[in-house]
Amino acid sequence: MNRFIAVVTAGFLATGVAQAQVTEDDLKNDQSITTQIVTNGMGRHLQRYSPLDTLNKDNVQNLVPAWAFSLGGEKQRGQETQPLIYDGVMYITGSYSRLYAIDLATGKEIWQYDARLPEGILPCCDVVNRGGAIYGDKIFFGTLDARIVALDLKTGDVAWRKKIADYKAGYSYTAAPLIVNGLVITGNSGGEFGVVGEVQARDADTGDLVWTRPVIEGHMGTLNGEESTMTGTLNATWPGDMWKTGGGATWLGGSYDIETDTLVFGAGNPAPWNSHLRDAGTPTEGNTGDNLYAASRIGIDPATGDIKWHYQTTPREGWDYDGVNEVVAYTDREGNKRYATADRNGFFYVLNREDGAFVSATPFVKDITWAEGIDDTGRPIFVEDNRPGNPSDAVDGKKGDVVFASPGFLGGKNWMPMAFSQNTGNFYVPSNEWGMDIWNEPISYKKGAAYLGAGFTIKPNYEDHIGSLKAIDPDTGEIKWEYKNDAPLWAGVMTTAGGLVFTGNPEGEIIAFDDETGEKLWSFNTGSGIVGQPVTYELDGEQYVSLISGWGGAVPLWGGEVAKKVNYLNQGGMLWTFKLPRQFASN
């Protein structure tokens, strides 16, 4: 039985003190309650915007370290967590499925939980965890053996632990859960192993399953233990039995739009990568070869798991352009309710919030080769010569024609979350300018084995930079400013009412930019590459910023020539917290 490691302060042992409870109203208002952060994304719409303006462009140079917390041990891998804050405690997750409770004022550990993973887990892209969620008197987070765990906020005791899927078949879980109306909502990981992407909802008190929604056509959903509706139509867009191992992992989790009462989840790449196997001679009547709902954004009813709408960013996907990137609800300058998402395929999309309908798409990275653009219906205008070749056409039948495709399979933007500023109306998108040589190979499905059917090598597109933080006007698609970084960017972004944009880079810097000009206003070197997510909050009338460092993630594992460029970077595992001293608050 898994056990927690706990050191409980005397204050938490006091009897007769009512324990604080996070309510649906707390979740609903998380962005505006500046003393707490109880949701991933600093609000379930994932805007990652804070209304705090004590820290601003004029005084950010006075930001100083308040405390630091080491994750310790030998488990120094990629640290992608977003801190959560509630009732004087900060909660962070760590690599290898750990969770820490830390005193917010001092940085001292209160308790630690270690999931003690089994042998044989199959994480695709490092042993990362992107954070938790708080509701009631519990904190929820996922583990690499595809489980969801509920812990007592005060003690770290296990309240319940449930299996999402079979890790031996390649499933895992790395995203932060989402809480809506007392339901804990999760995705799954493992698209490279021929899994089936799915969204699940559980009762937060008991962990009992309420509904499931597979996102690949042909699979049945469930509601209260009974079969509900089939996803899509069997074999409508999949040939033969390929839907049974169709991929589409929902590995980044989702967002929630309270105004339309809609969960929005992204589905990853179809499996295998070799699109010629999934086309099977299509398009033909009754089978378009689009392989729904892989590489799509999907609107889901949070009460039942029914699909309301979908929009597929990369139909006939053949480059590993996952559709999982976060969907952010916002209101544009003319008052229209919109969604925005920056896709791995290199295009920045705006959708209508009522029905997910396509509004616009513009490139946010340079040198896109796989498509000439997006037509008026929202469908890509493919460049067929830039689709990796069919191995069946090769003389030896072993390797299709190699093509150079841009962006590379790690995407124009990968998992690292962008931010929206209510201050400027712009999005701030961490992106990378790279491409890849890619080719297709024969492949057959085997449970628990990689199911790619492709080979690849990532390459930088430019000598002077790979990473690029871009300020994008969603109304026009115009890039207002760009910050170029030598190494790939892999950290999240946060904006504030003080006119600041925060992020980190693999070189170890936490950086604050001017949201209007892109001027670099402040930085601090942490000693290890940053792939985490910044937050800001208020404590005793002072504004704080926290961000974890610890190099890792997919780039050093899958980055090809790019990985060689950053192989000097140190791993680590340190949570850094900064504050603006009170005497500088009015400057």
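**Exercise 1. A residue between a helix and a strand**

Find where Tyr 293 sits and what is unusual about the peptide bond that leads to it.

*Solution.* Start with the secondary structure: Tyr 293 lies in the loop that runs from helix H2 (275-279) to strand S20 (296-300). Keep in mind as you work that this is a predicted model. Next, look at the backbone: the bond from Leu 292 to Tyr 293 is cis, and its omega is near -5°. For context, most peptide bonds are trans.

Now move along the chain to a second case. The bond from Ser 406 to Pro 407 is cis too, with omega near 0°. Pro 407 is placed in the loop between strand S28 (403-405) and strand S29 (419-420).

**Exercise 2. The chain as a whole**

Work out whether the radius of gyration of the protein chain agrees with that of a compact globule or departs from it.

*Solution.* Begin with the length, 587 residues. The globule rule multiplies 2.2 Å by the number of residues to the power 0.38, and for this chain the rule gives a value near 25 Å. The protein chain has 22 Å, which agrees.

Then add the extents: the C-alpha trace spans about 70 × 50 × 50 Å along its principal axes. For the secondary structure, count four helices and 41 strands. As for contacts, take those between residues at least 6 apart in sequence: 61% of them join residues at least 24 apart.

**Exercise 3. Surface and charge**

Describe what the protein chain exposes and how its charges are placed.

*Solution.* First, the surface: about 19800 Å² is exposed, and carbon and sulfur atoms supply 47% of that area. By residue, 64% of the 587 count as buried. Second, the charges: there are 47 positive and 74 negative ones, and their mean positions lie 5 Å apart.

**Exercise 4. The nonpolar cores**

Which residues touch the most other members of the largest nonpolar core?

*Solution.* A general tendency makes a good starting point: in soluble globular proteins, nonpolar side chains tend to be buried together. Here the largest core holds 137 residues, and the members with the most core neighbours are Tyr 91, Phe 348 and Phe 502. Strand S24 (residues 347-352) provides the largest share of this core, with five residues. A separate core has 17 residues, including Ile 185, Val 210, Tyr 256 and Ala 267.

Take Phe 502 as a close-up. Beyond its neighbours within four places in sequence, its contacts include Leu 55, Val 60 and Leu 63. Also among them are Ile 511, Trp 522, Pro 534 and Val 545.

**Exercise 5. Two loop residues with no accessible surface**

Decide whether Asn 59 and Ser 97 are buried or exposed, then look at their surroundings.

*Solution.* Buried means under 20% relative accessible area. Asn 59 has 0%, so it is buried. Ser 97 is likewise buried because its value is 0%.

Both belong to loops. Asn 59 is placed between strand S2 (49-50) and strand S3 (64-70), and Ser 97 between strand S5 (89-94) and strand S6 (98-103). The C-alpha atom of Asn 59 is 8.1 Å from that of Leu 580, although 521 residues separate the two along the chain. Leaving out residues up to four places away in sequence, Ser 97 touches Tyr 113, Asp 114, Phe 141 and Gly 142, among others.

**Exercise 6. Positive phi outside glycine**

Where are Asn 224 and Asp 540, and what are their phi values?

*Solution.* Recall that most residues other than glycine have a negative phi. Asn 224 has a positive phi of about 55°, and Asp 540 has one of about 50°. Asn 224 is in the loop between strand S16 (220-223) and strand S17 (226-230). Asp 540 is in the loop between strand S39 (535-539) and strand S40 (542-549).

For the last step, use the cut-off for exposed, over 50%. Asn 224, at 57%, is therefore exposed, and Asp 540, at 64%, is therefore exposed as well.

**Exercise 7. A helix residue and its partners**

Place Glu 561 and classify its accessibility.

*Solution.* Glu 561 belongs to helix H4 (residues 561-565). Its relative accessibility is 37%, so it counts as partly exposed. Setting aside neighbours within four places in sequence, Glu 561 contacts Thr 457, Ile 458, Lys 459 and Pro 460.

Methods:
Residues numbered from 1 in each chain as written. Predicted model: local features only at pLDDT ≥ 70, side-chain atom pairs only at ≥ 80, totals over all residues. Heavy atoms only, no water. Helix = DSSP H or I, 4+ residues; strand = E, 2+ residues; numbered from the N terminus. Buried < 20%, exposed > 50% of the residue type's maximum accessible area, 1.4 Å probe, protein only. Contact = heavy atoms within 4.5 Å. Areas by Shrake-Rupley, 256 points an atom, 1.4 Å probe, with all protein chains shown as cover. Lys, Arg positive; Asp, Glu negative; His and termini not counted. Charge placed at Lys NZ, Arg CZ, Asp CG, Glu CD. Core = buried A, V, L, I, M, F, W, Y, C linked by side-chain atoms within 4.5 Å.
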